[in-house]
There are 2 protein chains.
Amino acid sequence: MISEKTVERLSLYRWLLEMRVDKNTLSLFSHQIASMACVTPAQLRRDLMVIGYTGSPGRGYLVKDLAESICSVLDGDEPAKVALVGMGNLGRAIVSFLRGRRSRLKVVATFDTDSRKTGRVISGCRCYEQDKIEEIVAGRQISVAVITVPSDVAQKVADRLVNSGIKGILNYAPVPLRVPDGVYLENRDVTTALEKVAYFARESKEKE
Amino acid sequence: MISEKTVERLSLYRWLLEMRVDKNTLSLFSHQIASMACVTPAQLRRDLMVIGYTGSPGRGYLVKDLAESICSVLDGDEPAKVALVGMGNLGRAIVSFLRGRRSRLKVVATFDTDSRKTGRVISGCRCYEQDKIEEIVAGRQISVAVITVPSDVAQKVADRLVNSGIKGILNYAPVPLRVPDGVYLENRDVTTALEKVAYFARESKEKE
DNA sequence: TGCATGCTGTGAAAAACGTAACAGCAATAC
DNA sequence: GTATTGCTGTTACGTTTTTCACAGCATGCA
């Protein structure tokens, strides 16, 4: 089992490496990749050790090969299908953002309660009535969900998603969700993030 | 100096506590707050120890008092002013989201390059031409910035913000930014977060 | 070939983080 | 008042994560 932090960094390495593949870079040293990713060379080498990829002294790492190696770790056999619930401002922004990037993750269904949104294709993805969550998530074997609904209904939505077989939730609602063991939850509350940044900004200002 | 993780949790505690203040709850035990925040009671007590707040056995913590205590730690004397650069889908979503919540953090200026957006008030906040970053950020003593611009210009925007005196950056562009020491940086790339969730979702599915 | 160089892989140390355990005290019951 | 209960503050411990340091090896050059 790979640690959370390592998985995040691997995702970043992959992205940086794929840009280099496009530029026809054949190989890179650990300190070069580390510098691009803003981590220490030791950190990078250790991360690669975890996934069992090995470079060679004096030559470094084969860019394309390494990128593919990370893919096989992160994606497994096939990329995951993603559902997004709550097509407000944030939901639409995320869906169109993900469409723009080449990513192995495809948002295959979105949900909302507003009848002006349901039944249409928004930001390139079909929007369904929220009552159809169980039917569609279970039917299409969707394993990952993004929650961008108001906080007062977030728990209810999470429960329905879990009951439909969702195994991972990315939650943007500013409320701590309760999910059973076996379901992975990542909270990305905007307010918390900003307050954290504001705190440390002040901290470093006071040092001046 | 308080750790990052602790600051995040304090922000969460405060939010939960303020909801209880509205409901006229006078006091709560550590295990009650911990349960709301989905952490262990020991974790909560330790976090409060860090900020020097002390409850009393048999009585617990005074809700309103504790909330104010957290405020004085996180906010200091006065709440920070925030600027947001890049009024695309995501930028607008974040601005209107922050307006909706009562928060000590106020977005006082937004910036964009699109002349259809600049000069107007969008989502309740004035949008300026991006060339005015230095003038307005320095002039109004804004210390925190949110970056929601495309990744190819993110570094350039970050540099300008840093030169204007910004001390903390919340970055939503999917690229690692380079900032000097003394400037706090938090990355919130959506793709990375989703790939992480997808990885652990698959991991827990395979265990079945 | 043999030597020097410099990068990799990894074990060991250090730091950060969370958990468990318990002494001490406020409140209540009697 | 005294005993009991049960929660807090804090210390000690275990775990995770990062950094350090160096042995070992591929490469380039004489």
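Two strands count as paired here if DSSP finds at least two bridges between them. I'm keeping that in mind because this is a predicted model, and I want to know what the sheets are built from before looking at anything else.

**Entry 1: the sheet of chain B**

I traced the strands of chain B and got seven of them in an open sheet, ordered 5-6-4-3-7-8-9, with mixed pairing. Which strands stand at the edges? They are strand 5 (121-122) and strand 9 (184-187) of chain B, and each has a single partner strand, so one side of each is left without a neighbour in the sheet.

Next I went through some pairs. Strand 4 (residues 106-112) and strand 6 (residues 125-129) of chain B run parallel and share three bridges. I looked up two of the partners: F111(B) is bridged to Y128(B) in strand 6 of chain B, and T110(B) sits opposite C127(B) in that strand.

Strand 5 and strand 6 of chain B are antiparallel, joined by two bridges. I122(B) has C125(B) as its bridge partner. These two strands make a hairpin with two residues between them, and in the turn S123(B) shows a positive phi of about 50°.

**Entry 2: helices lying on that sheet**

I checked what helix 5 (residues 89-100) of chain B lies across: strand 3 (81-85), strand 4, strand 5, strand 6 and strand 7 (144-147) of chain B. Helix 5 of chain B runs at about 165° to strand 4 of chain B. Helix 7 (residues 151-163) of chain B lies across strand 3, strand 7 and strand 8 (168-171) of chain B, at about 170° to strand 7 of chain B.

**Entry 3: helix 4 of chain B**

I measured nothing by hand here; I just read off the computed span. Helix 4 (residues 63-75) of chain B has 13 residues and reaches 18 Å from its first C-alpha to its last, close to the 18 Å expected at 1.5 Å a residue. Which of its residues are buried? V63(B), L66(B), S69(B), I70(B) and L74(B). They cover an arc of only 130° around the axis, which puts them on the same side of helix 4 of chain B. That fits the textbook picture: an α-helix has 3.6 residues a turn, so residues three or four places apart point the same way.

I then asked what these buried residues pack against. In chain B the partners are helix 1 (4-22), strand 1 (27-28), helix 3 (41-51) and strand 2 (61-62), and from chain A comes helix 8 (190-206). Just past the end of helix 4 of chain B, G76(B) has a positive phi of about 70°.

**Entry 4: odd phi values**

Most residues other than glycine have a negative phi, so I went after the exceptions. C38(B) is one, with phi near 60°. It lies in the loop between helix 2 (30-37) and helix 3 of chain B. Is C38(B) buried or exposed? Neither quite: with 14 C-beta neighbours inside 10 Å, C38(B) counts as partly exposed, since the cut-offs are 20 or more for buried and 12 or fewer for exposed.

Q141(B) also has a positive phi, about 60°, and is not a glycine. I found Q141(B) in the loop between helix 6 (133-139) and strand 7 of chain B. Q141(B) counts as exposed because it has 10 C-beta neighbours inside 10 Å.

**Entry 5: where the chains touch**

How many residues does each chain put into the contact? Chain A gives 53 and chain B gives 54. On chain A, the elements giving two or more residues are helix 1 (4-22), helix 5 (89-100), strand 8 (168-171), strand 9 (184-187) and helix 8. Helix 8 of chain A gives the most, 16 residues. By type, the chain A side divides into 29 nonpolar, eleven polar and 13 charged residues.

**Entry 6: the sheet of chain A**

Chain A has an open sheet of seven strands in the order 5-6-4-3-7-8-9, with mixed pairing. Its edge strands are strand 5 (121-122) and strand 9 of chain A, each pairing on one side only. Strand 4 (residues 106-112) and strand 6 (residues 125-129) of chain A pair in parallel over three bridges, and F111(A) stands opposite Y128(A).

Last lookup: helix 8 (residues 190-206) of chain B packs on this sheet, touching strand 3, strand 7, strand 8 and strand 9 of chain A. Its direction makes about 155° with that of strand 8 of chain A.

Note on methods:
Residues are numbered from 1 along each chain as its sequence is written. Chains are lettered from A and ligands numbered from 1 in the order in which they are written. This is a predicted model: local features need pLDDT of at least 70, side-chain atom pairs count only at pLDDT 80 or more; totals for chains, interfaces and linings use all residues. Helices (H or I, at least four residues) and strands (E, at least two) are DSSP runs, numbered from the N terminus. The expected span of a helix is 1.5 Å times one less than its number of residues. The arc is that of the directions from the helix axis to the C-beta atoms. Two residues are in contact if their C-beta atoms, placed from the backbone, lie within 7 Å. Ala, Val, Leu, Ile, Met, Phe, Trp, Tyr, Cys and Pro count as nonpolar, Asp, Glu, Lys and Arg as charged, and the others, Gly among them, as polar. Axes are lines fitted to C-alpha atoms, for helices over the stretch in contact, and angles run from 0 to 180 degrees between N-to-C directions.
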